[in-house]
Amino acid sequence: MGRRSGVLEFAVLGLLHDAPMHGYELRKRLNILLGTFRALSYGTLYPCLKSLVAQGFLVEDNPDVEYVPATALNGKRSKIVYRLSAEGKQRFEELLADSGPDAWEDEHFGVHFAFFGQTDRAVRMRVLEGRRSRLEERLERMRNSLARARERFDDYTVELQRHGLESVEREVRWLNELIETERANRSGRPGPAAPPKTSDGRGQEGGPQGPPEPPYDRPGRSDQER
């Protein structure tokens with residue numbers, strides 16, 4: 001199974017673990033809750049659903065209703081409601097417990113994080129620490145690349161690379177906040193997850209929603225303007 005199809009399987013099983021739903025509602029939930037799938041089409045989702053049914057992970061309710069996938073031409077939607085089977089629940093639990101290197105990658109990490117509320121604390125810690133380790137490796141490569149870029153490319157190309165570097169640095173700081181909170185909770189100290197901090201150390205309202213967007217300084221600005 002390809003990496004993206006594996007992520008989609010996990011997301012579908014996770015959402016249906018909360019409640020059964022038909023394909024249209026499921027697609028809306030994927031598009032709203034998981035940014036990775038904002039461009040998700042019926043042509044991608046329905047083959048995934050049919051595959052999960054064939055594997056015994058999903059059950060179709062209202063099976064007598066003819067299956068009509070939605071298209072731009074007919075505008076029809078399937079009325080079949082999908083729910084997890086016992087095997088599907090077990091499969092979701094297996095995916096939820098996965099804390100290996102795949103869970104640290106960009107696409108997988110976002111989906112794992114979306115279901116952290118159902119994930120064992122030890123698994124959350126391994127995923128967070130693994131993600132931080134992966135990003136620290138990336139930072140080292142990006143810093144080396146930026147140093148070379150200053151000598152070879154124009155200011156705009158350098159600025160683009162610096163923008164990416166700052167984004168990763170901010171995600172590392174965000175992960176540090178989450179890891180500290182997990183450790184505090186594990187030691188018995190109560191409290192919600194600490195919100196990510198801005199570069200000046202002030203907390204942001206609303207709790208962690210993912211790595212905050214880094215500031216972007218346009219090329220040519222003076223130090224006083226920045």
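**Close-up 1. Seven aromatic pairs turn up in this predicted model.** Take F109 and W174 as a starting point: their ring centres sit 6.4 Å apart with the planes at 90°, so this pair counts as edge-to-face. F109 belongs to helix 5 (residues 106-114) and W174 to helix 7 (residues 155-186), so the pair ties together parts that are 65 residues apart in sequence. Both F109 and W174 are buried.

**Close-up 2. W174 also pairs with F113, this time in a tilted arrangement.** Here the rings are 5.2 Å apart centre to centre, with 50° between the planes. Again, distant parts of the chain get linked: F113 sits in helix 5, W174 in helix 7, and 61 residues separate them. How buried or exposed are the two partners? W174 is buried, with a relative accessible area of 2%. F113 comes out at 22%, and because the cut-off for buried is under 20%, F113 is labelled partly exposed. Zoom out a little and ring pairs join F109, F113, F116 and W174 into a cluster.

**Close-up 3. Three strands make an open sheet in the order 1-3-2, with antiparallel pairing.** Strand 1 (21-22) and strand 2 (58-61) take the edges with a single partner strand each, so each has one side without a neighbour in the sheet. In general, strands of a sheet pair through backbone hydrogen bonds, and the pairing can be parallel or antiparallel.

**Close-up 4. Two bridges hold the antiparallel pairing of strand 1 with strand 3 (residues 81-84).** Which residues of strand 3 do the bridging? M21 has Y82 as its bridge partner, and H22 has V81.

**Close-up 5. On to strand 2 and strand 3, an antiparallel pair with four bridges.** One of the residues to look for is V59, whose bridge partner in strand 3 is R83.

**Close-up 6. Side chains along strand 3 alternate between two faces.** Y82 and L84 point to one face and are buried. V81 and R83 point to the other face and are not buried. Put this together with the bridges: Y82, the partner of M21, is on the buried side of the pattern, whereas R83, the partner of V59, is on the side that is not.

**Close-up 7. Helix 3 (residues 42-54) lies across strand 2 and strand 3.** How does the helix run relative to strand 2? The angle between helix 3 and strand 2 is about 105°.

**Close-up 8. Helix 4 (residues 86-96) has a buried face.** Which residues are buried here? They are G88, F92, L95 and L96. Seen down the axis of helix 4, the buried residues fall within an arc of 100°, so they line one face of the helix. The general rule for an α-helix is 3.6 residues a turn, so residues three or four places apart point the same way.

**Overview. Seven helices and three strands make up the secondary structure of the chain.** From the N terminus on, the elements read α-β-α-α-β-β-α-α-α-α. Of the 226 residues, 38% count as buried. Among contacts with a separation of 6 or more, 60% come from residues 24 or more positions apart. As for the surface, the chain exposes about 13,000 Å², and carbon and sulfur atoms supply 48% of that.

Note on methods:
Residues numbered from 1 in each chain as written. Predicted model: local features only at pLDDT ≥ 70, side-chain atom pairs only at ≥ 80, totals over all residues. Heavy atoms only, no water. Pairing = 2+ DSSP bridges. Contact = heavy atoms within 4.5 Å. Axes fitted to C-alpha atoms, helices over the stretch in contact; angles between N-to-C directions. Phe/Tyr/Trp six-rings, centres within 6.5 Å; stacked < 30°, edge-to-face > 60°. Buried < 20%, exposed > 50% of the residue type's maximum accessible area, 1.4 Å probe, protein only. Arc of directions from axis to C-beta. Areas by Shrake-Rupley, 256 points an atom, 1.4 Å probe, with all protein chains shown as cover.
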